[in-house]
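Subject: Structure for your review

Dear colleague,

Please find the structure below, followed by an account of what was found in it.

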Amino acid sequence: MSKDKKLIALALVTSLFFIWGFALNLNPILIAHLKKACQLTDFQSSLVDSASYFAYFLLPIPAARFMHRYGYKGGILLGLVLFATGAFLFFPAAAVRSYAFFLSALFIVFSGAAFLETAANPYITVLGDPETATWRINFSQSFNGLAATLGPLAGGVFILSGKTLTPTQEAAMSPDQLNSYLNKEASSVQIPYLVIGLVVLVVAFLIFKTSLPEIVDENEPAVEEESGSLLKQIGSLLKISNLRNGIIAQFFYVGAQAGILGFFIRYSERVAGLEEKPASFYLTAATFCFMLGRFSGTFLMKFINPVKLLAFYCVMNVLLLILIFFLHGKFTVIALMGVTFFMSIMFPTVFSLSIRGLGQKTKLGSSLIIMGIVGGATIPPIMGLVSDASNIKFAYLVPIVCFSYILYFATTNLRVKKLEMVGSH
């Protein structure tokens, strides 16, 4: 490929990082919005995260097999079409105000995102000089961080109405008035997700028309050869305690991240007395803190042992969450923003620690760690159940368990002095 074509290809593949990051970070907005529009409990609203992360759990291996047969470009195009289809389905889901329909649409969106994420990292590595591959990956992942900030901001502006009925106001409405209000609330997602779907289709068209290099791994065994012994290989890998502990740590991390951000607006309303739209702006600030923490943490790792930094960040989050439980008011929201800052380095650090020393089994081991993402489908519903049974403050005790386990995982790896960061989400 010529230099200009490589730059175009790099820009298009980098856009994939932004696309799935933007959608994933709209979830906290959707949780707050659909809770109101569909009259949900905290547990029910948390299923937004479950639909999203179950797709990430179920689709990576089918995506990898599809790309093995039809190529990475084919996988990217299928992922974008699935993503756009799910986004378009928000329009009829809102029209009938069906929560099950919304969840189905989200599952399709993130099935597409799973294809995109499976393809994007390896594609970035071949779009240029191998010596600068790490720089290209970090550059592209910075757009994922940018999307993490812009997603909640756009959702707060274009989806949330800022109007939430009190129980007294709701009781004073006639059934027709209440139904009209709820329908209007539900409809506010239609245009934003229609625009998202159209933008994704434009990216799909551009990628279809662009010549992209195919990735060929001569050392990769055929799918048929892998499938016969796959379970045996997985069983063998799971006997490695560090990998097994790393999968569990990643499960708890992704679950904590999803739950903390997913209920952020709910927490801000209940504990700090913020209204819906101001709470969404605090959420935007929290995701910006996350991005700031990722960049600053990467810089600090040049001077501080990454494992010790991971352990320190876990301790800070446990202390902040305990403090949040006992305090009230806006300060607790600021402290919660601090938690997002200290979460920032955990996914790539846990990932990198977990695959150390796997050698030729690194690819399969990496897949198992990625499947730990299912924590994002599991922990938020637990937090929702706790919130429904007591209140939202008690729900935020659940992530303390998550960070405590990650701290334990870090302490088992304190002997590691140097770590190459190879994964991010």
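Of the 22 residues of helix 13, 18 are buried (under 20% relative accessible area, with a 1.4 Å probe and protein chains only), so this helix is largely enclosed by the rest of the structure. Helices here are DSSP runs of H or I of at least four residues, numbered from the N terminus. Helix 13 covers residues 241–262, and its end C-alpha atoms are 31 Å apart, which agrees with the 32 Å expected at 1.5 Å a residue (1.5 Å times one less than the number of residues).

Please note that this is a predicted model, in which local features need pLDDT of at least 70 and side-chain atom pairs count only at pLDDT 80 or more, while totals for chains, interfaces and linings use all residues. Residues are numbered from 1 along each chain as its sequence is written, and side-chain values use heavy atoms, without hydrogens and water.

The largest nonpolar core (buried Ala, Val, Leu, Ile, Met, Phe, Trp, Tyr and Cys residues joined through side-chain atoms within 4.5 Å) has 134 residues. Its largest share, 15 residues, comes from helix 7, residues 99–126. Leu16, Leu80, Tyr396 and Phe403 have the most contacts inside this core. Beyond its neighbours within four places in sequence, Tyr396 is in contact (heavy atoms within 4.5 Å) with residues including Gly259, Ile260, Leu321 and Met383.

Yours sincerely

Conventions:
Buried < 20%, exposed > 50% of the residue type's maximum accessible area, 1.4 Å probe, protein only. Helix = DSSP H or I, 4+ residues; strand = E, 2+ residues; numbered from the N terminus.
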